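Work through the exercises below with the structure open beside you. Try each task before you read its solution.

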Amino acid sequence: MPSRCMSDRRAWLLAVAGLAACGKPPEEVKRYPLRGVVLSLQPADRITVVRHETIPGFMESMAMEFPVKNPEEFARLRVGQQIRATLCQTRSGLEFWLEGIVVEK
Ligand SMILES: [Cu+2]
């Protein structure tokens with residue numbers, strides 16, 4: 001019964017899609033404006049080391065590693081650039097990354 005097979009498969013795919021969408025509620029993300037200088041790049045892990053300015057109420061000025069989730073944003077980065085970006089951090093603090101990177105010079 002080919003038609004029944006088709007509908008079973010479709011139901012299964014819908015169930016999987018539903019799990020992906022609803023299985024884990026997205027964690028709330030806090031965002032902070034960041035300015036800094038790109039000190040180094042680690043393309044294999046899409047990580048950049050940035051010496052960032054003080055982020056009021058969050059972090060003193062320091063050099064630290066930031067993951068960049070978006071490959072196109074990472075590809076535009078060069079050592080020595082002055083950048084502005086949004087520092088995103090999950091509420092638990094377990095995950096953080098840069099996005100919305102703008103090269104100032
Ligand atoms: Cu820091």
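Helices (H or I, at least four residues) and strands (E, at least two) are DSSP runs, numbered from the N terminus. This is a predicted model: local features need pLDDT of at least 70, side-chain atom pairs count only at pLDDT 80 or more, and totals for chains, interfaces and linings use all residues. Residues are numbered from 1 along each chain as its sequence is written.

**Exercise 1. List the elements of the chain from the N terminus on.**

Solution. Start with the count: the chain has two helices and five strands. Then walk along from the N terminus. The order is α-β-β-β-α-β-β.

**Exercise 2. Work out the strand order of the open sheet.**

Solution. Begin with the rule: two strands pair if DSSP finds at least two bridges between them. Next, take β1 (residues 29–42) and β2 (residues 47–52). They run antiparallel and are joined by six bridges. Val-38 has Val-50 in β2 as its bridge partner. Now take β4 (residues 82–90) and β5 (residues 96–103). This pair is also antiparallel, over six bridges. Here Gln-89 is bridged to Phe-96 in β5.

Put the five strands together. The order is β3-β2-β1-β4-β5, with antiparallel pairing. At the edges are β3 (62–67) and β5, each paired on one side only. On average, neighbouring strands of this sheet are turned by 45° against each other, direction ignored. For such angles, axes are lines fitted to C-alpha atoms, for helices over the stretch in contact, and angles run from 0 to 180 degrees between N-to-C directions.

**Exercise 3. Find the residues with positive phi in two loops, starting with the hairpin of β4 and β5.**

Solution. The hairpin of β4 and β5 has five residues between the strands. In it, Gly-93 takes a positive phi near 80°. Move to the loop between β1 and β2, where Arg-46 sits. Its phi is near 50°, positive in a residue other than glycine. Compare the general rule: most residues other than glycine have a negative phi.

**Exercise 4. Is Lys-69 buried, partly exposed or exposed? Classify Arg-46 and Cys-88 as well.**

Solution. Count C-beta atoms, placed from the backbone. A residue is buried if 20 or more others lie within 10 Å of its own, exposed if 12 or fewer, and partly exposed in between. Lys-69 has 12, so Lys-69 is exposed. Arg-46 has 18, so Arg-46 is partly exposed. Cys-88 has 19, so Cys-88 is partly exposed too. In the whole chain of 105 residues, buried ones make up 12%.

**Exercise 5. Which residues make up the largest nonpolar core?**

Solution. Such a core is a set of buried Ala, Val, Leu, Ile, Met, Phe, Trp, Tyr and Cys residues joined through C-beta atoms within 7 Å. The largest one has nine residues: Leu-34, Val-50, Phe-66, Val-68, Ile-83, Ala-85, Leu-87, Leu-98 and Ile-101. β4 and β5 each supply at least two of them. The largest share, three residues, comes from β4.

**Exercise 6. Which residues does Lys-69 touch, leaving out those up to four places away in sequence?**

Solution. Two residues are in contact if their C-beta atoms, placed from the backbone, lie within 7 Å. Locate Lys-69 in the loop between β3 and α2 (71–75). With residues up to four places away left out, Lys-69 touches Trp-97 and Glu-99. Lys-69 and Glu-99 are 30 residues apart along the chain, yet their C-alpha atoms are separated by 7.3 Å. Under the same exclusion, Phe-66 touches Ile-47, Thr-48, Val-50, Trp-97 and Leu-98.
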